[in-house]
Amino acid sequence: MVRNEEQQWTHTRRPPLPATLDAYVCDCHFRALCRGRGLFKVAYLLEAVHPNDGHPLAGKVLKLRKEADPEPKLCAEHMLSGVYPRILAAAPVFELDSVAQPVCQWNGWITDLAVPLDQALRQPGLSREAVGRCIVGAVRCMLRAARHGHSMDDPSLCNFGMLGGDVVIIDAGRSPPFDKEMAKSQFNKDVMRKFWARVGL
C-alpha cells in the first residue's frame, strides 16, 4: 500500500494512516477508503481503480493492525458458525513511501463488508421491532461465540455488523480463545453486563 496526501481530521484521535490509500492486492490496484478505526485497527473499503475488471475483492474490507491480531484466525476457524464475516485473505502488508520504498509492515486481512450495527440502527424510520431483532441478533452472536471459546473485549454495537440481513461480530477484540465453554453465570457477569451498559436500552 502507498500513502496518499495527508488529510484534515475533525477528531483528536487521529488514524495512523491517511483516509485514502493506494492498495495493491493480488496484482490489482485498489483505492482504499477509510471506513473507521478502533483503538488498534483501521478498516478500509477496497474500490477497484478499474471497476470493469470485476475483481472479487472489490467492495470488501481491508483491516490493518501493527501487532498480530487473533481476529483473522478466529473468524476463519469458525466461519461456519455464522457469527463472523468470512476471511478472504490474510498476509503481511508493506507500507511504501512515495518512491516505493518500504516504511513499515502491517498485519492485514480482507473480509466481507458489514454495516456497523450502531450505524444500521440510526437509519430513519427504523421500527422498534427491527431494533429489537438486531439487539437479539447481537446477543445470539455473543452466545454462539462463547460456545466456540470466544468472548468479546468490547460488546459495543459498533463491533457488530449487518451482513446479508444477519448480525455478525465485526471486531472480535484482542482476547485469545479459551478452551472450554463459558458457564452461563460467567457469561451474564462478564459479557451481558457490559453489553447492556453499552447498548443503553
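The following paragraphs describe the nonpolar cores, cysteines, salt bridges and strand pairing of a predicted model.

The largest nonpolar core comprises 29 residues, of which Leu117, Met142, Phe160, Ile169 and Phe195 touch the most other members. Two or more residues of this core are given by each of helix H1 (71-77), helix H2 (117-120), helix H3 (128-147), strand S10 (166-169) and helix H4 (184-199), and the contribution of H3, at eight residues, is the most that any element makes to this core. The surroundings of methionine 142 can be listed individually: when residues up to four places away in sequence are not counted, methionine 142 touches Met152, Pro155 and Phe160, together with Phe187, Val191, Met192 and Phe195. Apart from the largest core lies another, made up of 17 residues, which include Leu21, Cys28, Phe30 and Tyr44.

A search of the whole structure for disulfides returned zero. For cysteine 34, the closest cysteine sulfur belongs to cysteine 158 and lies 14 Å away, which is too far for a bond; the residue itself is partly exposed, with a relative accessible area of 25%. Cysteine 141, by contrast, counts as buried at 2% relative accessibility, and its sulfur is separated by 11 Å from the closest cysteine sulfur, that of cysteine 134, so that this pair too is beyond bonding distance, given that a disulfide requires sulfur atoms within 2.5 Å.

The structure holds 13 salt bridges, and the partners in the three described here vary in their accessibility. Aspartate 69 and arginine 65 meet through their side chains in a salt bridge with an N to O distance of 2.8 Å. Both partners of this bridge are buried, since the relative accessible area is 13% for aspartate 69 and 7% for arginine 65, values that fall under the 20% limit for a buried residue. In the salt bridge between glutamate 77 and lysine 73, the closest N and O atoms are 2.6 Å apart; these two residues both belong to helix H1, where a spacing of four residues corresponds to about one turn of the helix. Glutamate 77 is partly exposed, with a relative accessible area of 49%, whereas lysine 73, with 55%, is exposed. A further salt bridge joins the side chains of arginine 122 and aspartate 118 at an N to O distance of 3.8 Å, arginine 122 counting as exposed at 57% relative accessibility and aspartate 118 being partly exposed, with a relative accessible area of 23%. Through shared partners, salt bridges also join Lys41, Lys63, Arg65, Glu67, Asp69, Glu71 and Asp171 into one network, and this network thus contains both residues of the buried pair described above, Arg65 and Asp69.

Strand S9 (residues 160-163) runs antiparallel to strand S8 (residues 115-116), to which it is joined by two bridges. Within this pairing, proline 116 has glycine 161 of S9 as its bridge partner. S9 also pairs with S10 in the antiparallel sense, here over four bridges, and leucine 163 stands opposite aspartate 166 of S10. The hairpin formed by S9 and S10 has two residues between the strands, and in this hairpin glycine 164 takes a positive phi near 60°.

Methods. Residues are numbered from 1 along each chain as its sequence is written. This is a predicted model: local features need pLDDT of at least 70, side-chain atom pairs count only at pLDDT 80 or more; totals for chains, interfaces and linings use all residues. Side-chain values use heavy atoms; hydrogens and water are left out. A nonpolar core is a set of buried Ala, Val, Leu, Ile, Met, Phe, Trp, Tyr and Cys residues joined through side-chain atoms within 4.5 Å. Buried means under 20% relative accessible area, exposed over 50%, partly exposed in between (1.4 Å probe, protein chains only). Contact means heavy atoms within 4.5 Å. A salt bridge is a side-chain nitrogen of Lys or Arg within 4 Å of a carboxyl oxygen of Asp or Glu. Two strands pair if DSSP finds at least two bridges between them.
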